[in-house]
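Please look through the structure shown below with a newcomer's eye. The questions after it take up confidence, strand pairing and packing in turn.

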Amino acid sequence: MSKRVAVLDGVKIGLEIHCQLTALKTKLFCSCSSDYRDKEPNELVCPTCFGIPGTLPLLNERAVEYALRIAIALGCEVPQRTSFYRKNYFYPDLPKNFQISQYDKAGGVAIASAGSVRLEEKRVRVRRLQLEEDPGKLTYEGTIDKSPYSLVDYNRAGIALVEIVTEPDFESAREAKTFLEKLRAIVEGLGVSDGELEGAMRCDANVSVKGGARVEIKNISSFKEVEKALNYEILRQSTFSGTEGGAEAETRHWDERRSITISLRTKEGEQDYRYFPEPDLPTLELSPEFLRRVREEMPEVSEVKAERYQGEFGLTPQMAKEVARDAKVADFFEEVVSKGAKASDAANWITGEFREEVRTAAASGDGRLKAGDLVELLKMLESKEATRGQAKEIFRGMMTTGKGLAELGKSTRTGVVLDESSITGLVEQVLRESDAVEKAKSDPKAFNYLVGQVLRLEPKADAKLVAKTLARKIKR
Ligand SMILES: [Zn+2]
C-alpha cells in the first residue's frame with residue numbers, strides 16, 4: 001500500500017524539525033543542567049525556568065554558536081542582528097505561559113534563513129532556522145484524546161532547541177524521511193546534537209493533497225513514525241479530495257500505538273500567539289568576527305563536504321559521497337586536486353581498487369601517501385608514460401614501502417633500470433623462499449603473488465620483465 005501512496009500526485013509536505021542542542025551543558029536562558037533524561041521529574045528547574053518575577057533570562061552563547069553551525073552547514077543566510085520574541089499561549093507545558101522564541105515578521109529576524117539541502121537530484125529549501133526554548137514534557141494517562149489528566153515535567157522546559165522549517169518541497173513520505181536522516185547526520189557531524197537520544201529530534205509536518213487544506217501533524221517522535229504518519233495522512237486526505245469542502249485545516253496528533261492521526265484542534269492562527277519582542281533580552285549582534293570564529297571551530301560534515309565536491313569538482317553524487325566519507329581520505333583527495341590532478345581521476349583512483357589501502361595509509365598519517373607523487377603518477381598515466389598496470393604497481397609500492405615516485409617510477413620513466421641478470425637473481429631468491437611455486441605453475445593468482453614478491457625486494461624492477469623471467473624459470 002505504502003508504495004502506491006508514495007507516488008500519489010499533488011502531495012506537498014513541509015517539515016518543522018525541533019532539534020535539541022544536546023551537546024550543551026545547560027539550558028538556553030539559565031544555568032540549570034540540560035542533562036534531563038532519566039532524572040526525577042521537576043528536579044532541574046529554577047525561578048528563571050518558571051519566569052518568576054524578578055528573574056531575567058541570560059542567553060547561552062554556545063547555543064548561538066551551535067545554531068549558527070547548523071545554519072552555515074545548511075547554506076543559510078545569517079543576518080547581522082537577530083532578536084527574541086515571546087510566543088504567548090496558555091498550555092500546561094509552558095510554566096511561563098509564553099515561550100521565548102524568534103519571529104520573522106513585524107520587524108523580527110530569525111537567526112538564519114534561506115538555506116537548502118540537496119536530496120538526490122533536487123534541492124529542498126530551508127525557509128528559516130530559529131533558536132527557542134523547549135517546553136516541558138506532558139505525559140498522558142492512556143491516549144491524548146481520552147486521558148482524564150496529564151502529568152507535567154518541567155526538566156525539559158528551557159532546553160535549547162533549533163527549529164528548522166522547510167518549504168513544502170517534499171512530494172512523498174519517503175523523501176521527507178530521507179531528508180530527516182540526512183539532517184540528523186549533519187547535526188551529529190557538527191557535534192551539536194545527538195539524534196539518537198529520545199526526543200532530541202522531533203518533527204511536525206504540514207501535509208496537503210491536491211491543493212486541499214494544510215493539515216499539521218504534531219510531535220512525531222521518530223523518523224520511522226514520520227513516514228508512517230505521512231503515508232496515513234496522505235491517504236486520509238486523498239479520500240477527501242474531490243468531495244465538497246475537502247480536508248479541513250486543523251492540527252492532528254499521530255497516535256503511534258493505533259497508527260492513525262486524530263484531530264486535536266483547529267489550527268491556531270499566528271494572531272493567537274500574540275507575538276511581541278522579548279523585553280528582557282537585547283538584540284543580538286552577530287559580528288563578522290563572531291561568525292568567523294564559529295566557522296573556524298566547526299567541523300565540516302561529510303554530508304556537506306560531499307555536496308561541495310559535487311558542486312566544486314563535478315563529482316557524481318556517489319563518488320562524492322565515497323570520497324567524503326572518511327575525513328583523512330577527503331583531505332588527501334583535496335591535497336591531490338590542489339596540486340593539479342583532475343578531480344575525477346583522483347577520486348576514481350582513491351576510491352577504486354586501492355580504497356582500503358588508501359584509507360589505512362591516510363589514517364596512519366605516516367607520510368606513505370604522497371599527494372604530489374599521486375599527481376605525477378596520474379599525469380604519467382594520462383600522457384601514457386606508464387600503463388595502468390605499471391601505475392598500480394608503483395602506487396602499491398608507495399604504500400607498502402613508503403618510497404616515493406622518484407625512486408619507484410624510475411623503471412617506467414627510463415625503461416629498464418635493472419639488467420636481466422640481476423632480475424634473474426631476485427627471481428631465484430623468491431623461488432627458493434616461497435612455498436607457492438608449485439601453485440604458481442597453474443594458478444595466475446599465485447603467479448602474480450610471486451611477481452609481487454620480487455617487486456617487494458626491488459621495486460625498481462620492471463614488472464613485465466620479472467613476469468617473463470619468472471615464467472621461464474618455473475616453466476609455466
Ligand atoms: Zn533554570
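**Reading the predicted model**

Q: Which element of the protein chain has the lowest mean pLDDT, and which the highest?
A: This is a predicted model, and its elements can be ranked by the confidence of the predictor. Among the elements of the protein chain, helix 1 (residues 2-6) stands lowest with a mean pLDDT of 43, while the highest mean, 96, belongs to strand 9.

Q: Over which residues near helix 1 is the pLDDT below 50, and how many contacts does this stretch have beyond near neighbours in sequence?
A: Where pLDDT is low, the predicted coordinates should not be read in detail. That caution applies to residues 1-6, where the pLDDT is below 50, although 93% of the residues in the protein chain score at least 70. Beyond near neighbours in sequence, the number of contacts that the model gives to residues 1-6 is seven.

Q: In which sense do strand 6 and strand 9 pair, and which residue in strand 9 stands opposite leucine 131?
A: Strands of a sheet pair through backbone hydrogen bonds, either parallel or antiparallel. Strand 6 and strand 9 (residues 160-166) are joined over seven bridges, and their pairing is antiparallel. Opposite leucine 131, the residue in strand 9 is valine 162.

Q: Which residue takes a positive phi in the hairpin of strand 5 and strand 6?
A: Strand 5 (residues 112-119) and strand 6 (residues 122-133) run antiparallel and are joined by seven bridges, with serine 116 having arginine 125 as its bridge partner in strand 6. Two residues lie between the strands of this hairpin, and the one with a positive phi, near 50°, is glutamate 120.

Q: Which helix gives the largest share of the largest nonpolar core?
A: In soluble globular proteins, nonpolar side chains tend to be buried together. The largest nonpolar core here has 72 residues, of which Ala67, Leu129, Ala176 and Ala205 touch the most other members. The largest share of this core, eight residues, comes from helix 3 (residues 61-73).

Q: How many residues make up the other core, which lies apart from the largest one?
A: Members of this other core include Ala330, Ala341, Val358 and Leu377. The core that lies apart has a residue count of 31.

Q: Against which helices do the buried residues of helix 8 pack?
A: In helix 8 (residues 317-324), the buried residues are Met319, Ala320, Glu322, Val323 and Ala324. The helices against which these buried residues pack are helix 7 (302-313), helix 9 (327-338) and helix 10 (343-351).

How values were computed
Residues numbered from 1 in each chain as written. Predicted model: local features only at pLDDT ≥ 70, side-chain atom pairs only at ≥ 80, totals over all residues. Pairing = 2+ DSSP bridges. Helix = DSSP H or I, 4+ residues; strand = E, 2+ residues; numbered from the N terminus. Core = buried A, V, L, I, M, F, W, Y, C linked by C-beta atoms within 7 Å. Buried ≥ 20, exposed ≤ 12 C-beta atoms within 10 Å, placed from the backbone. Contact = placed C-beta atoms within 7 Å. pLDDT = per-residue confidence, 0-100.
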